[in-house]
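Reader: I am new to this structure and would love a close look at one part of it. Could you walk me through the nonpolar core and what surrounds it?

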Amino acid sequence: MSGKPDEFLRMGYSSSTVPGGFTPYSKSKKSAKPASHEFDANGNIIDFSESFSRSSDADLLQEDDPHGTYYSIQELQDKSIPNLDSNHLEQYLRAQDFKQAMGMSKSEFEHLPKWKQTKAKKDAKLF
């Protein structure tokens with residue numbers, strides 16, 4: 001790596017990652033926001049902000065188990081189907097219906113703390 005300190009900053013490096021660790025002068029007392037972009041060979045900005053979003057394309061394309069049993073949102077909200085686990089009605093939704101009812105994918109939901117899962121199910125009237 002060779003270049004002037006301002007070139008390293010423009011490329012998205014911080015002073016701690018540049019050899020020699022310089023400290024650039026700044027009038028602002030606010031901490032700098034980490035760069036979510038870099039520059040390509042032509043000096044154009046490459047934006048990586050979309051890469052850091054929580055949901056991935058794989059979550060959005062999540063397939064349903066072909067052997068699973070699924071019901072509509074309305075059927076589950078009405079609780080008209082006997083012998084279902086009433087504490088886990090969300091598991092009977094297809095991926096697309098789940099996303100519509102809960103506002104997130106099944107894998108996102110699974111990573112939430114239990115209290116947030118319960119709130120999301122209550123908001124969707126599936127509890």
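Author: Happily! Of the 13 residues in the largest nonpolar core, the ones that touch the most other members are Leu76, Leu93, Phe98, Met102, Met104, Phe109 and Leu126. Helix 3 and helix 4 are the elements that give two or more residues to this core. A nonpolar core here is a set of buried Ala, Val, Leu, Ile, Met, Phe, Trp, Tyr and Cys residues joined through side-chain atoms within 4.5 Å. Buried means under 20% relative accessible area, exposed means over 50%, and partly exposed is in between, with a 1.4 Å probe and protein chains only. Helices (H or I, at least four residues) and strands (E, at least two) are DSSP runs, numbered from the N terminus.

A word on the background: this is a predicted model, in which local features need pLDDT of at least 70 and side-chain atom pairs count only at pLDDT 80 or more, while totals for chains, interfaces and linings use all residues. Residues are numbered from 1 along each chain as its sequence is written, and side-chain values use heavy atoms, with hydrogens and water left out.

Let's start with helix 4, where Ala95, Phe98 and Met102 are buried. Seen down the helix axis, the buried residues of helix 4 fall within an arc of 55 degrees, so they line one face of the helix; the arc is that of the directions from the helix axis to the C-beta atoms. On the other side of helix 4, Gln96 and Gln100 are exposed. Helix 5 and helix 6 are included in what covers the buried residues of helix 4. Just after helix 4 comes Gly103, with a positive phi of about 80 degrees.

Next, the aromatic rings. The whole structure holds 2 aromatic pairs, where rings of Phe, Tyr and Trp (its six-membered ring) pair if their centres lie within 6.5 Å, and planes under 30 degrees apart count as stacked, over 60 as edge-to-face and the rest as tilted. Phe98 and Phe109 form an edge-to-face pair, 5.4 Å centre to centre with 80 degrees between the planes. Phe98 lies in helix 4 and Phe109 in helix 5 (residues 106-110), so this pair ties together parts that are 11 residues apart in sequence. Phe98 is buried at 2% relative accessibility, and Phe109 is buried at 5%.

Met104 meets both of these rings: leaving aside its neighbours within four places in sequence, Met104 is in contact with Phe98, Lys99, Phe109, Leu112 and Ala120. Contact means heavy atoms within 4.5 Å.

Leu126, another of those core residues, brings us to a loop. The C-alpha atoms of Leu126 and Asn87 are separated by 8.4 Å, although these residues are 39 apart along the chain. Asn87 lies in the loop between helix 3 and helix 4 and is partly exposed, with a relative accessible area of 44%.

That loop, between helix 3 (73-78) and helix 4 (95-102), also holds Lys79. Most residues other than glycine have a negative phi. Lys79, not a glycine, has a positive phi of about 55 degrees and is partly exposed at 45% relative accessibility. Lys125, in the segment after helix 6 (114-123), has a positive phi of about 60 degrees, though not a glycine either.

Finally, the wider setting: the protein chain has 6 helices and 2 strands, in the order α-β-β-α-α-α-α-α. Of its 127 residues, 21% count as buried.
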